[in-house]
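Here are a few notes to go with your first look at this one. Have the sequence and the 3D view open side by side as you read.

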Amino acid sequence: MAPHSGILQYQISYAKKDCCIKLLLYLHDDVDKMRAHMNCLQKLGVLDPRSNQVITLSPTTESSGCTSNETVRNGREMIDCKSGRKLSSALTLRWSIAVSSCGLPKGLDISYRIIIHGYVGTCPTNVNHASKIDKFTVSIMVWTVIFTFLMRLN
C-alpha cells in the first residue's frame with residue numbers, strides 16, 4: 001500500500017451458525033513471525049489485538065459493519081458484513097489478508113468482495129491498467145493470499 005492512502009473495503013457474508021469469523025490484516029513482519037507448525041490460535045496470536053488488525057465479523061462488533069438478518073440462503077440464516085479500514089503509514093507497506101475461525105471443525109463457507117485502493121507495484125497480468133496506477137481493485141490476487149493463509153491457519 002502506498003503511504004497514507006491505503007483503503008480496504010469488504011463485503012463478506014457467512015452462515016450465522018459459523019459466527020464469528022475474523023478478518024486478519026497481517027503486515028509483512030507479522031507474516032515473517034509465522035511458522036508452519038503453528039496452529040490457528042498461535043497464528044492469530046501473532047497480531048496485537050490493540051493494533052486494529054483483527055476485525056471480528058459479528059453483529060455485536062459495531063465497527064465490523066455486520067448485521068444478522070432474516071435472509072436465508074441455501075437454508076441458512078446469514079450474517080452480512082460491509083465496511084472497511086484505512087490502512088495508513090508513513091511508509092509503503094505490504095499487507096496480507098486472511099479470514100479465520102479457529103473453532104470451526106471444517107473450512108469456512110463465505111461469500112465475499114474485497115476492494116483495495118492505494119495499491120503500489122506491478123499490476124497483475126489479469127488486470128487492465130492505465131500508465132499510472134493509483135486505484136486498484138484486487139480480486140484474484142487477494143483471494144489467493146486469503147486462501148493461502150486459510151490453509152496455513154487450519
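The points below take the nonpolar cores and then the disulfides in turn.

1. Before anything else, keep in mind that this is a predicted model.

2. Start with the largest nonpolar core, which has 18 residues. The members that touch the most others are L8, Y10, I12, Y14, L23 and L57. Six elements give two or more residues each: β1 (6-15), β2 (21-27), β3 (54-57), β5 (76-87), β6 (95-100) and β7 (110-117). Strand β1 supplies the largest share, with four residues.

3. Y14 is a good residue to click on. Which residues does Y14 contact once its neighbours within four places in sequence are left aside? The list runs through C19, C20, I21, L57, S58, E77, M78, I79, C81, D109 and I110. Keep the cysteines in that list in mind, as they come back below.

4. There is also a second core, separate from the one above, with nine residues. Among them are L24, M34, M38 and A98.

5. Now the disulfides: a search of the whole structure turns up three. Counting bonded cysteines along the chain, they pair up as 1-2, 3-6, 4-5.

6. The 1-2 pair is C19 with C20, at 1.8 Å from S to S. Its S-S torsion is about 55°, so this disulfide is right-handed. Are these two cysteines buried or exposed? Neither, quite: C19 is partly exposed at 35% relative accessibility, and C20 is also partly exposed, at 27%.

7. Next, C40 and C102 are bonded, with their sulfur atoms 2.0 Å apart. This link is left-handed, with -80° about the S-S bond. C40 sits in helix α2 (residues 40-44) and C102 in the loop between β6 and β7, so the bond ties together parts 62 residues apart in sequence. C40 is buried, with a relative accessible area of 9%, whereas C102 is partly exposed at 27%.

8. Finally, look at C66 and C81, whose sulfur atoms are 2.0 Å apart in a disulfide. The link is right-handed, with 105° about the S-S bond. Here the bond runs from strand β4 (residues 66-73), which holds C66, to strand β5, which holds C81, so it ties together parts 15 residues apart in sequence. Both ends are under the 20% cut-off for buried: C66 has a relative accessible area of 8% and C81 has 3%. C81 is also one of the contacts of Y14.

Methods
Residues numbered from 1 in each chain as written. Predicted model: local features only at pLDDT ≥ 70, side-chain atom pairs only at ≥ 80, totals over all residues. Heavy atoms only, no water. Core = buried A, V, L, I, M, F, W, Y, C linked by side-chain atoms within 4.5 Å. Buried < 20%, exposed > 50% of the residue type's maximum accessible area, 1.4 Å probe, protein only. Contact = heavy atoms within 4.5 Å. Disulfide = S-S within 2.5 Å.
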